[in-house]
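Visitor: I should like to take a close look at one part of this model, namely the place where the two chains meet. Please begin with a single pair of strands and then widen the view.

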Amino acid sequence: MNTSSTNKKNTENKSFYRYALILFMVLIIGISATIFWYYDYYIMDHVEFMSSVTITNATVGINTNTSSLQFGKIPLEGVGTRYFKISSKRRALVRIIPTGNITPFIDFSENDFILDPGVVKTINATLSVPQNATIGNYSGIIKVYFYRK
Amino acid sequence: MFQKNILFLLMMFCALASLTMIFYRNPSAPTITGMATSSGNVTLTVNSTSAIQFAVNSVNWGTGSVNASDVTHNYTCTLDTEGTTTGCINFTAVTQPLIIENNGNTNLSVSIYSNASATDFIGSGSTFQWKVLQNESGSCTTTPSPATYSPVNVSVSNATIICSNLGYTDSNDSLKLNLKVTIPLAVMSGPAGDRSATITVVGN
């Protein structure tokens, strides 16, 4: 009688662990799928391009390369301006994030703005060199994120 | 035994599905692009225009005044970036013009304008001029202009084209911009202090 009762308990325990394991796996799949789906849903697109500048004493270097955002050579206290146009097929929140050691010098005419579909917006990227900047090369990557809105 | 196998298969499926979810990216989703470009949803185009502003005080003549006893130079101080400091007291001679280079990989049309005229920059009766020459021979396939000192242009919409075709080969891609100012004695009766003007160079 005792042996039968113990066996029944063991079987019940095994079933419980099986169900718990299955529930755990379903939970993992659910969480992974949600993260995966939501990530693609939230960030609609993102574009990256290189940017660089050489800070000089008395040389102005013009670079009109269109595959990246090059500011050429800018003397101390000088200001360089480049332009880029962006558009989106869907309504998006646009966020521009510069990275690298060029970041302290660079600014954008607009950032964190809503871009309606079909609208072409021109963004001025301004690079200002302070008087106390160190002569040399600076570079980074400009990341433009388009969030679904 | 059968139940064990089912459970094992289910576990394998769940584990594989989880790993797939973590590492797999939806191929229909927009892709990350390496350069300024367009993808299915968005377009980004970098404009082929570049503008650089620099302060004229980066031409460091230092601090000085007009020589009030120099009748030879008509009580006028003349400074330029070719070493001239006539009729002046204490200003430093500057022999280094500003160099304008083409750092890109296409020929450029280069134009310049100033944010201040001579009167705005220094005062009534003064002059503020520039001239442009080849820094490396053959850099500009046409003759750079103005080749002799001429008053600065303050028109943004009608900037002075100094070279319509500036090359990009490293050994032939630069111009020199010389600046010249004259300061009459009368200006010295005004308030002392720093004078500033900004010149903008536009390439496209």
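How many bridges join strand β2 of chain A to β6(B), and are the two strands parallel or antiparallel?

Guide: The two strands are parallel, and 4 bridges join β2 (residues 59-62) of chain A to β6(B). Within this pairing, V60(A) has I100(B) as its bridge partner. Strands pair when DSSP finds at least two bridges between them; strands (E, at least two residues) and helices (H or I, at least four) are DSSP runs, numbered from the N terminus.

The model is predicted: local features need pLDDT of at least 70 and side-chain atom pairs count only at 80 or more, while totals for chains, interfaces and linings use all residues. Residues are numbered from 1 along each chain as its sequence is written, and chains are lettered from A and ligands numbered from 1 in the order in which they are written.

In the wider view, 49 residues of chain B are in contact (C-beta atoms, placed from the backbone, within 7 Å) with 49 residues of chain A. On the chain B side, two or more residues are given by each of α1 (2-23), β1 (42-55), β6 (98-102), β7 (108-114) and β12 (198-203). Of these, β1(B) supplies the largest share, 14 residues.

Strand β1(B) also belongs to a sheet that contains strands of both chains. This open sheet of 7 strands follows the order β6(A)-β8(A)-β4(A)-β1(B)-β12(B)-β7(B)-β10(B), with antiparallel pairing. At its edges stand β6 (106-108) of chain A and β10 (160-166) of chain B; each has a single partner strand, so one side of each is left without a neighbour in the sheet. The partner of β10(B) is β7(B), and the two pair in the antiparallel sense over 4 bridges. There, S111(B) stands opposite I161(B). In general, strands of a sheet pair through backbone hydrogen bonds, either parallel or antiparallel.

How far may this picture be trusted? The predictor gives the complex an ipTM of 0.74 and a pTM of 0.75. For chain B, the mean pLDDT (the predictor's confidence in each residue, from 0 to 100) is 84, and 83% of the residues reach 70 or more. Over residues 26-36 of chain B, however, the pLDDT is below 50, although this stretch has 26 contacts in the model beyond near neighbours in sequence. Where pLDDT is low, the predicted coordinates should not be read in detail.

Definitions and conventions:
Two residues are in contact if their C-beta atoms, placed from the backbone, lie within 7 Å.
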